[in-house]
Number of protein chains: 2
Amino acid sequence: MSSAEVLASVDIVALRLTPESQRLQVLLHQRQRLPYKGQWALPGVIVNGSTADSNLDAAACRALAEKAKVYPRHLEQVGTEGNGSRDPRGWTLSTYYLALLDPAVVVEDPQIAFLDLQGVLDNEPPLPFDHRLLVERAYERLAAKAVYTNLPLYLAPERFTVLDALSAAQACLGQPVNNTSLRKRLERMKSEGWVQDTGEKNQPRLGRPQQLYRHTPQGNGAFMFDRSLLAGG
Amino acid sequence: MSSAEVLASVDIVALRLTPESQRLQVLLHQRQRLPYKGQWALPGVIVNGSTADSNLDAAACRALAEKAKVYPRHLEQVGTEGNGSRDPRGWTLSTYYLALLDPAVVVEDPQIAFLDLQGVLDNEPPLPFDHRLLVERAYERLAAKAVYTNLPLYLAPERFTVLDALSAAQACLGQPVNNTSLRKRLERMKSEGWVQDTGEKNQPRLGRPQQLYRHTPQGNGAFMFDRSLLAGG
DNA sequence: TGAATAGTGTCTATCAGACAATATATT
DNA sequence: AATATATTGTCTGATAGACACTATTCA
């Protein structure tokens with residue numbers, strides 16, 4: 001029943017905001033091979049299979065580049081699932097990553113699509129393997145980190161307004177976020193060099209123009225706040 | 001250079017507090033096989049190799065049970081390292097876990113030892129493979145979570161005093177923790193059922209007796225506080 | 001001028017943290 | 001009584017959050 005080696009793959013849960021910045025979408029790709037040929041699934045590759053990989057993170061980048069020609073703003077490993085039932089081919093491992101994309105990314109490949117995250121979590125459409133579970137875990141990671149880091153900003157446009165940042169945070173958390181609190185967080189990040197005021201403005205259909213900011217991460221990690229955004233429930 | 005399958009293992013970074021509750025120690029085991037036979041290394045097993053594993057978590061439990069006959073209070077997956085240079089046998093994957101042990105655990109097996117965590121991080125003794133890196137990552141996870149969860153309590157004795165909880169937190173964070181803040185956290189946990197007052201007391205050599213508490217987790221996750229313990233720097 | 005939207009200022013509640021005050025034991 | 005330790009209470013500071021107020025545009 002068991003052998004010394006197992007089939008190992010890397011799967012990517014790549015998220016972006018819809019153009020209206022209201023909802024999250026998952027990048028899926030239509031499988032070209034068995035099993036589950038033709039179904040929408042997470043982009044992934046076999047680790048160090050027909051293509052050599054220097055390490056797992058490189059394999060993750062390769063998966064996104066090969067399958068979707070997309071380069072993420074943020075990429076982090078979430079976990080590894082391994083058991084004998086997730087893949088009909090036998091005992092397999094999948095290390096899965098959370099990737100956050102620029103909302104401006106375009107994909108013309110018809111085998112690639114962005115589907116509504118909440119739909120996927122509700123099994124619409126159902127994904128093969130345990131991909132729905134992987135999506136859920138990756139989203140949980142994002143939601144947990146959105147409470148006390150700037151992770152949502154990696155989903156906002158290159159130059160963003162306060163409203164863009166607010167929408168991103170709300171999409172990550174799945175609930176309303178206090179406008180004042182978010183502004184204060186942006187202020188603090190500005191004073192620490194993580195956000196810059198571009199000086200430019202964006203004119204909405206009506207009303208006062210919106211200031212445009214730019215996200216300028218100082219280092220690899222995320223900016224950590226020392227309080228939860230959801231303290232008051 | 002590459003094949004369809006890779007060697008996958010699970011390694012455990014199991015920590016406990018020293019009897020004086022001042023420092024953390026890592027559980028290591030003396031390797032019985034090549035490579036690195038005779039050296040102190042993390043306990044681990046080949047996933048679904050000569051022994052079948054229903055899933056990765058089960059393999060992690062098996063590693064601890066087989067190698068050290070130890071059962072952790074808390075076990076969580078930290079990450080997976082995979083590359084061609086970490087193991088002389090070729091391209092390998094290791095999924096590594098953080099395990100928190102009761103300080104009362106005893107191990108009589110001479111092939112098992114608890115070595116000082118800080119020493120191991122300083123390469124004393126040097127560990128084979130990339131085990132030092134895995135230890136570092138697991139400890140980073142613990143330190144990060146100690147800031148806003150009750151994770152350190154899983155390292156405290158079954159019935160603990162405020163001082164025990166304080167020592168555990170300090171050992172996890174690697175820096176002093178405010179006594180008042182910790183007491184208030186215990187108060188809150190008590191009001192939410194996560195800590196119980198046993199009514200018993202412990203008499204130190206001198207001075208007022210210490211109240212003894214018991215840690216009673218309500219569910220699988222950790223208790224989350226909505227502020228950092230280290231907000232003031 | 002009025003509607004719509006953006007941005008600022010003020011106040012409250014909560015909790016980390018410093019520190020003083022009190023309680024309970026041993027010698 | 002003196003000392004040591006634990007525990008309680010008081011005060012300050014930072015910041016999330018609610019909300020009122022001001023600013024800037026278009027129709």
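Me: Why is K184(A) said to be in polar contact with a base of DNA strand D?

Reply: In this predicted model, a polar side-chain atom of K184(A) lies 2.9 Å from a base oxygen of DNA strand D. The cut-off for a polar contact is 3.5 Å between N or O atoms, so the pair qualifies.

Me: What makes R227(A) a polar contact of DNA strand D?

Reply: An N or O atom in the side chain of R227(A) is 2.7 Å from a base nitrogen of DNA strand D. That distance is within 3.5 Å, and therefore the pair counts.

Me: Which part of Q211(B) lies 2.7 Å from DNA strand D, and which part of the strand is concerned?

Reply: For Q211(B) a backbone N or O atom is involved, and its partner is a phosphate oxygen of DNA strand D. Among the elements that give two or more residues to the surface near this strand are α5 (179-191) of chain A and β10 (210-215) of chain B. The most comes from α5(A), with 4 residues.

Me: How many residues surround DNA strand D, and what makes a residue count as near?

Reply: There are 27 such residues, with N178(A), R227(A), L229(A), Q210(B) and Q211(B) the closest. Each counts because one of its heavy atoms lies within 4 Å of the strand. Of the strand atoms that come within 4 Å of the protein, 65% belong to sugar and phosphate.

Me: How many salt bridges join chain B and chain A, and how many residue pairs are in polar contact?

Reply: The rule finds 0 salt bridges across this interface, so no Lys or Arg side-chain nitrogen there meets the 4 Å limit to an Asp or Glu carboxyl oxygen. Polar contact, however, is counted for 12 residue pairs.

Key: Residues are numbered from 1 along each chain as its sequence is written. Chains are lettered from A and ligands numbered from 1 in the order in which they are written. This is a predicted model: local features need pLDDT of at least 70, side-chain atom pairs count only at pLDDT 80 or more; totals for chains, interfaces and linings use all residues. Side-chain values use heavy atoms; hydrogens and water are left out. A polar contact is a pair of N or O atoms within 3.5 Å; within protein, one must be able to donate a hydrogen and the other to accept it, and residues adjacent in sequence count only if both atoms are side-chain atoms.
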